[in-house]
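Good morning, everyone. Please look at the screen while I go through one chain. I will take a few places in turn.

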Amino acid sequence: MALDFDGVLSHHGAPAPLPETVVWMKRCESVFGGGRIFILSNKPTDVRKQWFAEHFPEIRFISGVRKKPFPDGLTKTGELSGVPLSHILMVDDRLLTGCLAALVADARPCYIRRPYVSYRHRPFAEMFFSILRLFERCYIKAITLY
Ligand SMILES: [Mg+2]
């Protein structure tokens with residue numbers, strides 16, 4: 001399983017996942033094993049990597065690859081986990097980055113329709129990404145109608 005960070009584990013720019021997503025990741029870890037869970041974020045900051053190293057040492061960050069929607073991060077996830085790409089779930093709140101990367105890589109996308117947002121912490125970034133997500137949904141609807 002590959003997890004996006006911003007919007008999926010916390011609001012944009014947060015240094016660590018929210019408490020409820022920590023609980024959820026612990027459940028995922030017990031089901032899948034931490035070695036089969038990866039963070040595939042276009043913003044793999046050192047602060048986030050450090051947080052995971054302390055709290056989920058088995059969960060690895062994918063880095064040194066081209067950003068989503070390039071499929072490279074999912075290809076690397078498959079190589080590191082030894083799991084066929086068709087068995088990998090990419091959990092992302094963006095259709096044209098993570099979900100598209102999953103489709104390109106022949107993995108499975110899981111679209112988070114209601115991502116975590118915090119207008120209090122990052123009003124302009126959250127507004128920008130909310131508009132971007134809306135645009136993506138409209139674009140996908142438009143191109144699938146014809
Ligand atoms: Mg995101």
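Leaving aside its neighbours within four places in sequence, which residues is Glu29 in contact with? The answer is Gly34, Ile37, Phe56 and Glu58. Before I go further, note that this is a predicted model. Glu29 itself lies in helix H1. Its relative accessible area is 25%, so Glu29 counts as partly exposed. One of its contacts, Phe56, is 27 residues away along the chain, and the two C-alpha atoms are separated by 8.9 Å.

Now the sheet. Five strands make an open sheet with parallel pairing, and their order is S3-S2-S1-S4-S5. Strand S3, residues 60–61, and strand S5, residues 108–111, are the edge strands, each of which pairs on one side only. Strand S2 covers residues 38–39 and pairs with S3 in the parallel sense, over two bridges. If you want to find that pairing on the screen, look for Phe38, whose bridge partner in S3 is Arg60.

Next, the metal. Which residues coordinate the magnesium ion? They are Asp4 and Asp93, each through OD, and Asp6 through O, at 2.0 to 2.1 Å. Along the chain these donors follow the spacing D-x1-D-x86-D. Asp4 sits in the loop between strand S1 (2–3) and helix H1 (19–32), while Asp93 sits in the loop between strand S4 (89–92) and helix H4 (95–105), so this pair ties together parts that are 89 residues apart in sequence. Both Asp4 and Asp93 are buried.

That brings me to charged pairs. Side chains of opposite charge can pair when their charged atoms come close. The structure holds six salt bridges, and I will show three, including one between Lys68 and Asp4, with the closest N and O atoms 3.1 Å apart. Lys68 is in the loop between S3 and helix H3 (72–81), and Asp4 is in the loop between S1 and H1, so the pair ties together parts 64 residues apart in sequence. Lys68 is buried, like Asp4.

Lys68 also meets the side chain of Asp92 in a salt bridge, at 2.8 Å from N to O. Here strand S4, which holds Asp92, is linked to the loop between S3 and H3, which holds Lys68, and the two residues are 24 apart. Asp92 is buried too. Taken together, Asp4, Lys68 and Asp92 are linked in a network of salt bridges.

My third example joins Arg48 and Asp6, at 2.7 Å from N to O. Arg48 is in helix H2, residues 46–55, and Asp6 is in the loop between S1 and H1, 42 residues apart. Both of these residues are buried. Asp6 has come up before, as a donor to the magnesium ion through O.

Last, helix H5, residues 123–145, which holds Ile131. Is Ile131 buried or exposed? Ile131 counts as exposed because its relative accessibility is 53%, and the cut-off for exposed is over 50%. With Val117, Tyr119 and Met127, Ile131 makes a nonpolar surface patch of about 380 Å². Glu136 is found in helix H5 as well. Glu136, however, is buried, because its relative accessible area is 1% and buried means under 20%. Not counting residues up to four places away in sequence, Glu136 touches Arg94, Leu95, Leu96 and Thr97.

That is the end of my tour. Thank you.

How values were computed: Residues numbered from 1 in each chain as written. Predicted model: local features only at pLDDT ≥ 70, side-chain atom pairs only at ≥ 80, totals over all residues. Heavy atoms only, no water. Pairing = 2+ DSSP bridges. Helix = DSSP H or I, 4+ residues; strand = E, 2+ residues; numbered from the N terminus. Patch = residues over 30% accessible without salt bridge, like charges linked within 9 Å, V, L, I, M, F, W, Y side chains within 5 Å. Areas by Shrake-Rupley, 256 points an atom, 1.4 Å probe, with all protein chains shown as cover. Salt bridge = Lys/Arg side-chain N within 4 Å of Asp/Glu carboxyl O. Buried < 20%, exposed > 50% of the residue type's maximum accessible area, 1.4 Å probe, protein only. Contact = heavy atoms within 4.5 Å. Donors = N, O, S within 2.8 Å, 3.2 Å for Na, K, Ca; no water.
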